[in-house]
Amino acid sequence: MIFATKAQRRLLAAAAVAVMATAAVAQTPAQAPAAPPAAPPADFAICSACHESTPKAGPSLGPNLFGVGGRKAGGVADYDYSPALKAYGATWNADNLAAFILDPGKAVPGNKMDYPGASDAASAKAIADYLMTLKG
Ligand code: HEC
């Protein structure tokens, strides 16, 4: 097809842009993942030295942290917890995780996690919020 006038060519170009824009909009919901997986905060790197955090991993030096949010403290069957953590009795949520990460020895006195605590409350909260996203 040959378009003779400038006006016709401009019209064609505008139509092509409109079609592309419509296609892009229409494709967005189908292509975008439902919820992009949260990236771990930089401060989580040190936790990974002692903790696995993927679904099928077993315990390492510490218990697997996948699914820790909503789990009873000391609740991983194949991990040998300290009596202190087993007796803690809480179910992990964003708040008590942040408190534990900020100061493990204060939150659960006598636990055996050899980590002094996060640098500040904001860092502890970011790590706790990230842990809450680790669910199947
Ligand atoms: C030096 C190794 C080490 C490091 C570093 C470490 N942990 Fe731990 N963690 C442990 C051990 C060991 C336990 C088990 C404690 C117990 O039984 O008293 C534990 C227990 C836990 C628990 C309790 C889990 C449950 O199943 O009840 C959480 C939550 C946790 N750690 C989170 C973290 C986070 C988050 C970090 C990083 C900010 C971290 N840990 C850093 C070794 C470590």
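Where in the chain is the place of Lys 112? Lys 112 sits in the loop between H5 and H6, and we will come back to that loop after a look at the whole chain. The structure is a predicted model, in which local features need pLDDT of at least 70 and side-chain atom pairs count only at pLDDT 80 or more, while totals for chains, interfaces and linings use all residues. Residues are numbered from 1 along each chain as its sequence is written.

Let's start with the overall plan. The chain has six helices and zero strands, and from the N terminus on its elements run α-α-α-α-α-α. Here helices (H or I, at least four residues) and strands (E, at least two) are DSSP runs, numbered from the N terminus. Of the 136 residues of the chain, 18% count as buried. A residue is called buried if 20 or more other C-beta atoms lie within 10 Å of its own, exposed if 12 or fewer, and partly exposed in between, with the C-beta atoms placed from the backbone. Contacts tell you how the chain folds back on itself: two residues are in contact if their C-beta atoms, placed from the backbone, lie within 7 Å. Among contacts between residues at least 6 apart in sequence, 44% join residues at least 24 apart.

Now find a pair of helices. Two packed helices are described by the angle between their axes and the distance between the axes. The axes of helix H4 (residues 94-102) and helix H6 (residues 121-132) come within 8 Å and cross at roughly 130°. That makes H4 oblique to H6, since angles under 35 degrees count as roughly parallel, over 145 as roughly antiparallel, 65 to 115 as roughly perpendicular and the rest as oblique. Axes are lines fitted to C-alpha atoms, for helices over the stretch in contact, and angles run from 0 to 180 degrees between N-to-C directions.

Which residues make the contact? On the H4 side they are Ala 94, Leu 97, Ala 98, Ile 101 and Leu 102, and on the H6 side Ala 121, Ala 124, Lys 125, Ile 127, Ala 128, Asp 129, Leu 131 and Met 132. By class, this contact of H4 with H6 has eleven nonpolar, no polar and two charged residues. For these classes, Ala, Val, Leu, Ile, Met, Phe, Trp, Tyr, Cys and Pro count as nonpolar, Asp, Glu, Lys and Arg as charged, and the others, Gly among them, as polar. In H4, the residues Leu 97, Ala 98, Phe 100, Ile 101 and Leu 102 are buried. What covers the buried residues of H4 includes helix H5 (104-107) and H6.

Zoom in on one member of that contact, Ala 128, which has its place in helix H6. Is Ala 128 buried or exposed? Ala 128 counts as buried because it has 24 C-beta neighbours inside 10 Å. Leaving aside neighbours within four places in sequence, Ala 128 is in contact with Ala 94, Leu 97, Ala 98 and Ile 101. Ala 128 is also 84 residues from Phe 44 in sequence, yet the two are 9.5 Å apart in space, C-alpha to C-alpha.

Another residue to find is Pro 41, in the loop between helix H1 (6-31) and H2. With 17 other C-beta atoms within 10 Å, Pro 41 is partly exposed. The C-alpha atoms of Pro 41 and Ala 128 are separated by 9.9 Å, although their positions lie 87 residues apart along the chain as a separation. Not counting residues up to four places away in sequence, Pro 41 touches Ala 126, Ile 127 and Tyr 130.Next comes the ligand. Of the 29 residues around the ligand, Cys 47, Cys 50, Gly 62, Ser 82 and Asn 111 come nearest, where a residue is near a molecule or strand if its C-beta atom, placed from the backbone, lies within 6 Å of it. The largest share of this shell, three residues, comes from H4. By class, the shell has 21 nonpolar, six polar and two charged residues.

Finally, back to Lys 112. With 14 C-beta neighbours inside 10 Å, Lys 112 counts as partly exposed. Lys 112 and Gly 62 are 50 residues apart in sequence and 9.2 Å apart in space, C-alpha to C-alpha.
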